[in-house]
Amino acid sequence: MNRERFLPALLVVALIGTIIELDMSVPSFPGITRELGASESAVQLTVTVNFLGYCLGALAHGPLSDRFGRRGVMLAGNTVMLVGALGCAVAPGIGFLLGSRFVQGVGASTSVVLVFVIIADVYEGARLLRMYGLTNAAMSAFMTAAPALGGMVDRTLGWRGNYAVVFAVTLVSLLLMVVYLPETRAERVEVSARQVAGDYRRLLRSGRFVAASLAPSLLFAGYMVFIATGSFLYTDTFGLSATAFAGHLLVVVACFAVTSLLAARITALLGGPGRTVVCGTAATVAGAALFLALGDGPLSTTAPLALFCVGFATVHPVVFARSLQVLPELRGAASSLNMSARALLVAVSTGAASGLFTGDPVVTAGAMAVATAVAAPPALLALRGHPAAGERAAPRPDAVTGADRAGPSTGGSLKARRSGAAGRCSRVPRKR
């Protein structure tokens, strides 16, 4: 069976449950409070413990995948998420629900970490950018649709129905992974807690990794500040109906999603990754500045945000790919550190913006402007002096055999290029 042709669709499907599991649950909070007799603060803790599990899991999945392979950890992590979703759906009390949400968070981080590692294992150049663009667009669409879907399910099936939907989605994606997900890491390395800590220290001491990791995470945090406060801003401050707000939100999300899908073509059109990052960063800075200066109404807010999203979606795949290329032998650990740090940045920035939000657009615009201003220098520095995603690097030695990884630009099986080292494990051809 040729599993490779199913891989792009499979990786998108693997992200669905992970992306919707948190936002779908929020509309169910009043129903949980009533049925389980819990306080509002206790129900809100379901978000906190889920986030805690997510961060801890994210730190572990990458190194574990370096030791045991991507496929095995993907299957195990999504099984953990499946168990957590089932526990939430049948929870008899708030304590059981909190424990299940923690378990669900640990499992939910698996796909977010490893989908991007698998993409970096398999694809190169323009194909790599296209795959990152595809996953970014899908994640944005799922994230936007999740609250509305959660509200609809809650009205139809009650709060347990939301967790049951996540269980069903996770089960389907897990079964598809069992059948179609290939192993994309041929080499295995011994992993210990001391070695993992050393790998993380090595990554954090690399200025190039820190720059390439920090820039897209900060821009994503700025984007999430808008998502967290946008409904209040448009409906309460600007006086729009929920339907009108949905239209403005659709414009913003569509700008991010469509640009993400066209990321590889945009990079080629602009003349390469370096110019792409410069132009994309300029667009994010301009969008944030215009929102801060002019964002006192629906149109004057949506237009700058659309520009910000176009720039963000242009920069993200190039710079994020670079974060996994700085130390390719630590790709799993790098993705783990990326996603865990990103989750913390989003939590801190959205929490601060929500706490300070009074209905004034300046609060949202100011938070986005700060995140963008801090992100711009590392984004511009991330690619300096090194080949980036979309550029052809010189052949690098194989981690196991020391042989150069050379081959035609059309890809081909790595088994034929690795002096037999990959013969121990079936592997997807690496696409350029």
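Accessible areas here come from the Shrake-Rupley method with a 1.4 Å probe. On that basis, the chain exposes about 17300 Å², and carbon and sulfur atoms supply 67% of it. Keep in mind as you look around that this is a predicted model.

Let's start with the overall build. The chain has 15 helices and 0 strands, so you won't be hunting for sheets, given that strands would have to show up as DSSP runs of at least two residues. Of the 432 residues in the chain, 53% are buried. There is also plenty of long-range contact: if you take the contacts in the chain with a separation of 6 or more, residues 24 or more positions apart account for 81% of them.

Now for the aromatic rings. A search of the whole structure turns up 13 aromatic pairs. One of them is Y234 with F238, an edge-to-face pair with 5.5 Å from centre to centre and 90° between the planes. Y234 is buried, and F238 is buried as well. Another pair is F256 with F312, whose ring centres are 5.1 Å apart; their planes meet at 40°, so this pair counts as tilted. It links distant parts of the chain, since F256 belongs to helix α10 (residues 242-261) and F312 to helix α13 (residues 298-325), 56 residues apart. Both F256 and F312 are buried.

Those two rings also have company. F256 and F312 join F220, Y223 and F308 in one aromatic cluster. If you click on F220, look for an arginine too: the charged end of R342 sits over the F220 ring, 5.5 Å from its centre.

From rings we can turn to charges. The structure has 6 salt bridges. Take R160 and E35, which form a salt bridge with their closest N and O atoms 3.0 Å apart. R160 is in helix α7 (residues 159-180) and E35 is in helix α2 (residues 29-36), so this bridge ties together parts of the chain that are 125 residues apart in sequence. How accessible are the two partners? R160 counts as partly exposed because its relative accessibility is 24%, and E35 is also partly exposed, at 47%.

Next, look at R70 and D121, whose side chains meet in a salt bridge of 2.8 Å, N to O. This pair again links distant parts of the chain: R70 is in helix α4 and D121 in helix α5 (residues 94-122), 51 residues apart. Is R70 buried or exposed? At 1% relative accessibility, R70 counts as buried. D121 is buried too, with a relative accessibility of 3%.

A third bridge joins R202 and E329, with 2.6 Å between the closest N and O atoms. R202 sits in helix α8, while E329 is in the loop between α13 and α14 (331-356), so here the pair ties together parts 127 residues apart in sequence. R202 has a relative accessible area of 39%, so it is partly exposed. E329, at 35%, is partly exposed as well. Back at R70 and D121, there is more to see: salt bridges that share partners join these two with D66 and R331 into one network.

Helix α8 has another residue to visit. L204 is found in this helix, which covers residues 193-204. Is L204 buried or exposed? The cut-off for exposed is over 50% relative accessible area, and L204 counts as exposed because it comes in at 53%. Leaving aside residues up to four places away in sequence, L204 touches V210 and L337. L204 and L337 are 133 residues apart in sequence, yet their C-alpha atoms are 9.1 Å apart in space.

Let's finish with a spot on the surface. V80, V83 and V103 make a nonpolar surface patch of about 200 Å². V80 lies in helix α4 (residues 70-89), the helix that also holds R70 of the R70–D121 pair. With a relative accessible area of 31%, V80 is partly exposed. That is enough for a place in the patch, because patch residues need over 30% relative accessible area and no salt bridge.

Terms used: Residues numbered from 1 in each chain as written. Predicted model: local features only at pLDDT ≥ 70, side-chain atom pairs only at ≥ 80, totals over all residues. Heavy atoms only, no water. Phe/Tyr/Trp six-rings, centres within 6.5 Å; stacked < 30°, edge-to-face > 60°. Buried < 20%, exposed > 50% of the residue type's maximum accessible area, 1.4 Å probe, protein only. Helix = DSSP H or I, 4+ residues; strand = E, 2+ residues; numbered from the N terminus. Lys NZ or Arg CZ within 6 Å of the ring centre and 35° of its normal. Patch = residues over 30% accessible without salt bridge, like charges linked within 9 Å, V, L, I, M, F, W, Y side chains within 5 Å. Salt bridge = Lys/Arg side-chain N within 4 Å of Asp/Glu carboxyl O. Contact = heavy atoms within 4.5 Å.
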